[in-house]
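Colleague: I am new to this one, could you walk me through a few parts of it?

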Amino acid sequence: MSADTDQVSVRGDTYLTLRALDQTFAMPIEFARSVFKIEGLTRVPHAPSHLVGLSNLRGGIIGVVCLASKLDPDAPALGVGALAVAIELGTETFALAVQEIGEVMHAHAEDISAAAKHANRWQPAMMAGIIRSGAKLLPVLDPFGVFDISPVAEAA
Amino acid sequence: MDELLKDFLTESSEQLGAIDSQLVRFEREPSDARIVANIFRLVHVIKSACGFLNLQRLEKVAHSAEILLTRLRDGASPNAETVALMLATIDRIKFILRAVAEGRGEPSGEDDQLIAEIEDAGDPRQDPSQSEVPHAASVLEGVLGSGTTPTERRADSVRVTLDSLQRLTSLVSELVLIRNQLVAVADAASSDGLRAPLRRLSTVAADLQSGLQAARMLPIARLFASLHRLVRGLSAEMGKKVELTLRGGETEIDRHLIETIRDPLAHIIRNAVAHGVEFPEERRRLGKPEVGVIDVFARCDAGIVSIDVADDGRGLDFSAIRERSFALGLGSREEGAALDETDLCRIVFTLGSSAARRLGGVFRRSPGLDIVRAKLKHIGGSASLTNRPGLGATINLQIPLATAIVPAFILRAGDERFALPQRFVEEIVSLDTCDDGVLIDVPGRLALVAAEGIVPAGHLHVLMGSPSRSQDSGADPRIALKMRAGLEGFALVVNEMIEVQEIALEPLPTPLRQIPTFSAAAVLGDGSVVLVLDPLGLASALGLPKSGTPRLAPAPGIKHRPSSTNFVVFRSDGPTLRTLPVTAVVRILQLGPAQLEFADGECLIRDDGRGIPLIDIEGRSFAGQSARLLTALLLKRGDDSLGLIVDEIVDVVEEELNIEFPGSPCGVLGGAVLRGETIEILDPLLLFDRQKNTRELVSAKAEGAAVLVLEPAGFFQKMIAAVLGRNGYQPRAVGDLATALAGLGQERRYAVALVDVEVAIAHQEEIARCFHDSAVGQPPILIGLASHGGPTVRAKVQNAGLSTVLGKFDRASMLVALRDALSEPEIAA
């Protein structure tokens, strides 16, 4: 996988909406592969708290990240029974556990702006931009930032 | 891309790899026509296909190579220029092939100069096109043997892409997984009908797996092929003379792993040429042959391919390594100086692109040995180094034959399961009973004492931060798995070994790959995911030094130092530390009340049907013990066994203990100072002798006998009074002579007075008289107690009227002396 070539661009397209911490987020739908309920989870000792474990998705092993914990380390982590979106980033698939999965929405390029660093309460690395939807502002998640995947992740 | 072209590219790249090594061999053995024939055949095959595939530029260059080879076949003398020209031609062929493989077609460019050089290098009039067909045919016939054509040779093999093999491997992994699931289902349903077909499925899956594995294997010679050229180029660049010998090329290894270790191996060889082998003049001066040798030796042993890269150069410069470690901030200069050779050999793998950058281009483009180790770790292998100063160094690489499916122990730690590949485990030690081994809990660390010795240990549930659970209850048996990480052995304590399962290793998600304790993950038969443990990471988590850990300070834990002795340090009662050589301890026993038997006033335990006496150095009784577990050291002398009760095992140390004060015939060899604390060294042989007289230590007359203790130090007052009290005496401890004498003047009568020798020395002449005058009735027998005994002390107090002088720590002798004193007829009277 090359994160260089897969970087999220905020150019107006189709988004999947997700809820965490009682707020709605958008994620470019091109990364989403499926939605599933977490049946089993294996805790990974010494892993960051938002990486809640490993799960078996159709025979493949995927890392499950709780979006709420990732956004706010003090938030209780979701686990077995929670809904998750399988997200494919290059050759790897991850799962994002969320409170709720919303609808698929379309946004035009003119409705999307870059995430304003100061006006944004979330970590900038996780945000790809903001969608203006009527009176609402929807933060757009950058899946690479959410899953801590960077082009230099595999130094060894 | 055209399938035909794909096949051609694959085949050509294999042939070019073979040509490199053939050329270097040819340079060394120019008279060997067979080598020329080999090279010619390889180039000819490439050239022949070019016309068909319309690769005109490639055809021209290959044709030039053939011209050169034809001349050599006809007897032209090869020289360095010819070989260099040939290498340049092969490089050009590779360059064109690479562009074609990348889908760019033949690159534009001119080869006229190269072709002209080839023509200038020999007779330009000779045109191989006239003779090549018969010549090639005769060469091929010579190489392959008559009656066998290349087509026939290939008829019994097919070319399969690595992708196809990879896909098959994934499918077999999935099959093994499904088999595991079925086994789980059959077990849960207790279905006998399923067992026979499942066994058959297991056999077929195993055969399929091994068959596929065999198909993935390639001789390691494929990896060796490019090394000759590397050494040749590097030694020429540096002005060194180096010969490369390759052994064990027939050893087979997974194709994927060959690619993974290609760079590490090349790096090690670059290092050997650049740092190991000396310049020719230096070698001459040292009396070594001018040409240095780098020997690469591959072999396969028990599922592990081992590759040694040995050079006969100068070996490692330890002072440079120490300096480099200091510069990198891995420790102070003093810590560096304290490191032994083993530590230094290990640290080499942590130093990154090494101190030899000054040597120029070679090292700027090569990674450090840390990357070598990291790459090997990634495939489940390891690297180590041995050094012979002045004679050379050897780097050993251990590579698993294959990585995809491995048998693994499924372990339980707390409520969680983990997998540990079986090949890492050296020994499984049951902790359910005391037969195999025992854990010693010492402050801050844990050690496993087993038949083969003592190794540091760790609870897996602690290392994994597992949710708390009653780990030590009898219903939760524990097992220790002994394994090795580099040179260090250690043990991992788990709650249960659930089963052995073949698991298909899957890489961890990228964000988790930095966690050192895991190497992979796997799906078990029940569909759950387990993490696969990495012994090197576990050793590191336990605080053990592992190769690759950037630490300089000698590691905590038990470390082998041949000149010192391992001692078990324990307390029996009170603060006094005692110790026994580990060699004297056969086992450490944990004894419940049910295991204690009482016969004839003696406490016994059963071992192999024999009763083994249990003794306490303080003479405490075990009758009516509460439900708590007792810890005992099992000692042996010939056929005799003895259990020595201890309250707490404090540590296992490796020290040279100097006996600083003598002991007694009752089991104490002497006293020593360990880390600033006084420690009694017990003599196991004396303990056996003492045991025979244990019940005689305290005479019947001891019951209720009053003993005066004159001891200025509160610590000893308390300790001695406690010993006496437990053994049926009525002690009275006082701190000075006046109080002692005042006590004597009262109604109470003391049979014996234990007097601190310092007090006795201070009142040398008068003490016996004072006691005599102050006592009501018979004066007490005076026994001296010294912190440091010996003839000097005895001489100093010889006028004080003391019957004997004993060590304050030597409670056994004290009890014997008291018994003897009380047995005196006049006292009894």
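Modeller: Here are some notes on a strand and on some aromatic rings. This is a predicted model, where local features need pLDDT of at least 70, side-chain atom pairs count only at pLDDT 80 or more, and totals for chains, interfaces and linings use all residues. Residues are numbered from 1 along each chain as its sequence is written, chains are lettered from A and ligands numbered from 1 in the order in which they are written, and side-chain values use heavy atoms, with hydrogens and water left out.

Colleague: Is strand E33 of chain B buried or exposed?

Modeller: Five of the five residues of E33(B), residues 752–756, are buried, so the strand is largely enclosed by the rest of the structure. Buried means under 20% relative accessible area, exposed over 50% and partly exposed in between, with a 1.4 Å probe and protein chains only; strands (E, at least two residues) and helices (H or I, at least four) are DSSP runs, numbered from the N terminus.

Colleague: Which way do its side chains point?

Modeller: Val752(B), Leu754(B) and Asp756(B) point one way from E33(B), while Ala753(B) and Val755(B) point the other way.

Colleague: Switching topic, how many aromatic pairs are there?

Modeller: There are three over all chains, counting rings of Phe, Tyr and Trp (its six-membered ring) with centres within 6.5 Å, where planes under 30 degrees apart are stacked, over 60 edge-to-face and the rest tilted. One of them joins Phe31(A) and Phe144(A), whose centres are 5.8 Å apart with planes at 90°, so the pair is edge-to-face. Both Phe31(A) and Phe144(A) are buried.
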